[in-house]
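This report goes through selected helices, buried polar residues and loop positions of one protein chain. The model is predicted.

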Amino acid sequence: MNPFSDLSLLFGDMHNHCGISYAHGSLEDALSNAREQLDFVSITGHAHWPDMPEPSDDIQYIIDFHKEGFAKLKAGWPKMMETLRQFNDEGNFVVFPGFEVHFGTCGDRNMLYKDLEGEILYPKNLEELHNQLRALREQGRDAIAQPHHLGYLKGTRGIDWNSFSPEFAPFVEMLSMHGCSESSENIKPFLHSMGPSDWQSTIHYGLKQGHVFGFSGGTDHHSAHPGSYGHGMTGLWAESGNREDVWDALLKRRMFALTGDRMDLQFAVNGLPMGSEIAASKKRRIEFFLQAGGAIDCVDILRDGELVKRFSQYEMEPTGETNDDLVHTKIYLELGWGARHKTCNWEVELGLTDGEIKSVEPRFRGREVVSPVEAKDTGSYYISKVLETGDQSVRFETVTSGNPNNSTNLSQGVCLEVSMPRDATVWANLNGKRVEWPLTALMEGARSGVMKDIDSPAWRFNRAPSPNQWKWSGEWEDSEGEGSSYYMRVRQRNDQWAWCSPVFLNR
């Protein structure tokens, strides 16, 4: 029996920021952005730093904006809670209150309260924080303290695995804007001024120490955009979208971390799903099912943090579809480019001449800002919206800015999961300009165009993958060694990634 058959796939972001503390954009804009593309969210304002460094001329500005942000969150907490309740829509869009506590010695924690109540906690250290949370649980008020941006050197707000407690941290953050904490070599290195990553702060090091935890993805976005595309997101398998079921799934670690593209990722060991703790056995049957956000490059199985099996595109059989078949594929329209620092307002209608849109996935980004000294609040931060969806077309609006350099992508887009005849056409009206391409042409490769001349805003239809390129399943039996944990890692050809929570053996 498939352990995921009675579960619903949800997406969320449990670590992000806005102007309620020292980040940018209003809480209303943050929640509106979250509602565009997420099922659950927590807006985690910066609240406290008990072991803040001693003042000095070099870092006084850092100390100052932190203290100002902490005071702002404290003063605005009652109004914040009122706004969270207004946006919360049980079963459809679940909002969890939260805040962040910095710890230089043992690593930051961001808090999630289960229910729409709670106050800011001001612990002197991590042990006191755990005692405070334990006291709340005795009162029937549950909370989670998630370690995040683990990879920084211990002592510089990276995790100290000796302090880790699964009692209040069922999962840790695999990646965010700060970088990826999987291992010493990562797809997203730590580039912030806080410094590089360190092996003893990685997830692989934590697994080798025997700790039990799941993987989340969070943006740590600082410009009112939870779920900002490409910065991190969490996939969650829950019995429903209700608060109780979402919380239960978080505690059971039925979750996976994503860089950006949504994926339907199912992973089981001996018939039990990701996050499970199971008995040891001589043979471990690994099974997975995956519908990705684009063409898949490889699926990796890792045992105790070491790669033990790789599935590649060469092992996936063609579907055998004929030219008369309906094609199940992804249509991803991407907008942006143009002169650096110049913006473009887009009004877009995207559709098919024949066939059906099965789902709509916004791939909207927020602004690339972290520190409050890097930018000032200007205008609305809620700039990308899906306006209307139908069986064969979708309307949306967004704003793009020219990429600031040759390695930072600021594009906006929408991806459609479609079923359509091979001889049908994909079309778009872009600010009144109509462009169209036959599906057969898009399955050959991406097609692009510019709105005017060189250095003007541009558009791109990404390649439409055939079904066997983005829908994979596989199984493998491991009889080597004993193994204490297994997890699955996915890489798409467009360099979007996913990591599912481990299954732990003999715990």
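## Helix H3

Helix H3 covers residues 126-138, and at 1.5 Å a residue its 13 residues should span 18 Å; the C-alpha atoms at its two ends lie 19 Å apart, which agrees with that expectation. The buried residues in H3 are Leu126, Leu129, His130, Leu133 and Leu136. Around the axis they cover an arc of only 120 degrees, so they sit on the same side of H3. An α-helix has 3.6 residues a turn, so residues three or four places apart point the same way.

The buried residues of H3 pack against two strands, E6 (109-113) and E7 (143-147). On the face turned away from the buried side, H3 carries the exposed residues Glu127 and Glu138. At the start of the helix, a side-chain oxygen of Asn125 comes to within 3.3 Å of the backbone nitrogen of Glu127. Just after H3, Gly140 has a positive phi of about 85 degrees.

## Helix H1

Helix H1 (residues 27-37) is mostly covered, with nine of its eleven residues buried. Among them are the polar or charged residues Asp29, Ser32, Asn33, Glu36 and Gln37, as well as Leu27, Ala30, Leu31 and Ala34.

The cover over the buried residues of H1 includes helix H2 (60-87) and strands E2 (40-41), E4 (94-95), E21 (356-363) and E22 (385-389).

## Two buried polar side chains

Glu173 lies in strand E8, which runs over residues 171-176. Glu173 is buried but has no salt bridge, and the nearest side chain of opposite charge, that of Lys188, is 9.9 Å away. The side chain of Glu173 does make a polar contact with the side chain of His15, at 2.7 Å. Leaving out residues up to four places away in sequence, Glu173 touches His15, Gln146, Pro147, His148, His149, Leu150, Ser181, Ile203, Ser216 and Gly218.

Gln492 belongs to strand E30 (residues 485-492). Gln492 counts as buried because its relative accessible area is 0%, where the cut-off is under 20%. Its side chain makes a polar contact of 2.8 Å with the side chain of Asp261. Beyond neighbours within four places in sequence, Gln492 is in contact with residues including Asp261, Met263 and the run Ala292, Gly293, Gly294, Ala295, Ile296 and Asp297. Trp470 is 22 residues from Gln492 along the chain, and their C-alpha atoms are separated by 8.6 Å.

## A buried glycine

Gly107 is placed in the loop between strand E5 (98-101) and E6. With a relative accessible area of 1%, Gly107 is buried. Not counting residues up to four places away in sequence, Gly107 touches Arg157, Gly158 and Ile159. Gly107 and Asp495 are 388 residues apart along the chain, with 28 Å between their C-alpha atoms.

## Loop residues with positive phi

Most residues other than glycine have a negative phi. Asp304 is not a glycine, yet its phi is positive, at about 50 degrees. Asp304 occupies the loop between strands E17 (296-303) and E18 (306-312). Its relative accessibility is 26%, so Asp304 counts as partly exposed.

His341, also a residue other than glycine, has a positive phi near 70 degrees. The loop that holds His341 lies between strand E19 (326-337) and strand E20 (343-352). His341 counts as exposed because its relative accessibility is 65%, where exposed means over 50%.

Definitions and conventions: Residues numbered from 1 in each chain as written. Predicted model: local features only at pLDDT ≥ 70, side-chain atom pairs only at ≥ 80, totals over all residues. Heavy atoms only, no water. Helix = DSSP H or I, 4+ residues; strand = E, 2+ residues; numbered from the N terminus. Buried < 20%, exposed > 50% of the residue type's maximum accessible area, 1.4 Å probe, protein only. Lys, Arg positive; Asp, Glu negative; His and termini not counted. Salt bridge = Lys/Arg side-chain N within 4 Å of Asp/Glu carboxyl O. Polar contact = N/O pair within 3.5 Å; in protein donor to acceptor, adjacent residues only side chain to side chain. Contact = heavy atoms within 4.5 Å. Expected span 1.5 Å × (residues − 1). Arc of directions from axis to C-beta.
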